[in-house]
Each structure stands twice: as C-alpha cells, then as structure tokens.
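Biologist: I'm new to this structure and would like to learn how to read it. Could you walk me through a few features?

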Amino acid sequence: MPSPTRIASYHGQLLHIMFETSTDLTRFLPAGLVPVDPHRAFVKAERLKIRSPDADQNPSAFTHYQQICVTTLAAAPGYGPRHRNILMWEDRHWAIGSTMGGAKRYGSIEMTQVYETERTRADADEPIPFSVDVQTNGFALMHFAGVLDGKQRVQVPPYGGFYVGGEPGADLQTLTLDFSRLSRPLHGAGE
C-alpha cells in the first residue's frame, strides 16, 4: 500500500501529448501499480514554477524549470488513477537529485512559449505552431511538432498527483499536489 505525501504547489504551462503504443506499459511499473490502459501513455511537456514557503525563499534558478515526462495513468489498491512517470528529462541539475530521481535524466529542453497573443490567435481559428525538443550532448532524444488550434481530440488525463518509488529499496508513495495552477486548456495536434 503506497504511503501518501503532499508536495509544493506548481504554476505554469503543461502540454499533454497523448499516444498509443504496442508496448505493454505494465513492464515499466513497479509491483503494486497497474496501468489504467497498458497501451496508452502521454508526454508531459512542462514549464513550471514551484511555490511553497521554503521554495519562495530560493533564487528563481532553483524554482523555475522545464521537464519532459513519458507518463501513463496507473492505479494502486485503494487509490485512484494518478500519473506514473516512466522517464523524465530535466533542464536543471538540481531537479535530477530530488527524491523522485529514479526515472530522471538531464536534457536540454526547447519548448515554444505560449503567450496570451497566441491564445487569441488560436481562438480566432489561426493555428499556432508548437514544438518540443529534448537533446543531450548534441544528440536529439525527442522531437514533437504540431499546431495549437483549439480542437479537443482526446480527454486530458487528471492531474491530481502521481506515484513515485516502488523500485527495490524504495517505498511506493502517492504524491498529491497541494495546489496547481496551470494555463487554461488550448488543444492541438502533431507528431
């Protein structure tokens, strides 16, 4: 049974890139977790700021970061669906050293910034180009290119928390966000 933990609040932009795979994602989950759908996953492209009484005292270099996660929805007995990050790339070295470090790697992340002017254009049926690139040591690890056009094609997964740990020697934990304020939804498609 996972132990519950609450973590600091997050503010920022979050992009979900939904996909299906022929790979059975069960093999990437520790004992005690079961995927909601073993062949559905998503990439989370996040530009975040951590907020808490402790974090608010830190310089911005230690509270702002980008991360790209390959994620699936999973459940444990007695707990509902939560995110389980299978692999994560962080653009800040301090983020890799956190207690959730099992799946984290360093990566140089480039992600299109979305401002209110882009949202206004998308609301007026003018598609906005959007891209995400992850590299490390000059090698491309992931590239996504698409458009934000305001057309919802899939259901966005809930973001009430996630599971961490569960590997040998690490207890499985449920992490619940104290609060999250992410940008209002803006839908699109790409590859």
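Biologist: Let's begin with strand pairing. In what sense do S8 and S9 pair, and over how many bridges?

Modeller: In general, strands of a sheet pair through backbone hydrogen bonds, either parallel or antiparallel. In this predicted model, S8 and S9 are antiparallel partners, joined over four bridges. For a spot to look at, find Ile 109, which stands opposite Val 134 in S9.

Biologist: Which order do the strands of the open sheet have?

Modeller: The order is S8-S9-S10-S14, four strands with antiparallel pairing. S8 (108-111) and S14 (188-190) are the edge strands, each pairing on one side only. On average, neighbouring strands in this sheet are turned by 20° against each other, direction ignored.

Biologist: Now a helix, please. Which residues of H2 are buried?

Modeller: A general idea helps here: an α-helix has 3.6 residues a turn, so residues three or four places apart point the same way. In H2 (residues 116-123), the buried residues are Glu 118, Arg 119 and Ala 122. They lie on the same side of H2 because they cover an arc of only 100° around the axis.

Biologist: What covers the buried residues of H2, and which exposed residues does the face turned away carry?

Modeller: The cover includes strands S9 (128-136) and S10 (139-148), so to speak the sheet we just met. The face turned away from the buried side carries Thr 117 and Asp 123, both exposed. Just after H2, look for Asp 125, with its positive phi of about 60°.

Terms used:
Residues numbered from 1 in each chain as written. Predicted model: local features only at pLDDT ≥ 70, side-chain atom pairs only at ≥ 80, totals over all residues. Heavy atoms only, no water. Buried < 20%, exposed > 50% of the residue type's maximum accessible area, 1.4 Å probe, protein only. Helix = DSSP H or I, 4+ residues; strand = E, 2+ residues; numbered from the N terminus. Arc of directions from axis to C-beta. Contact = heavy atoms within 4.5 Å. Pairing = 2+ DSSP bridges. Axes fitted to C-alpha atoms, helices over the stretch in contact; angles between N-to-C directions.
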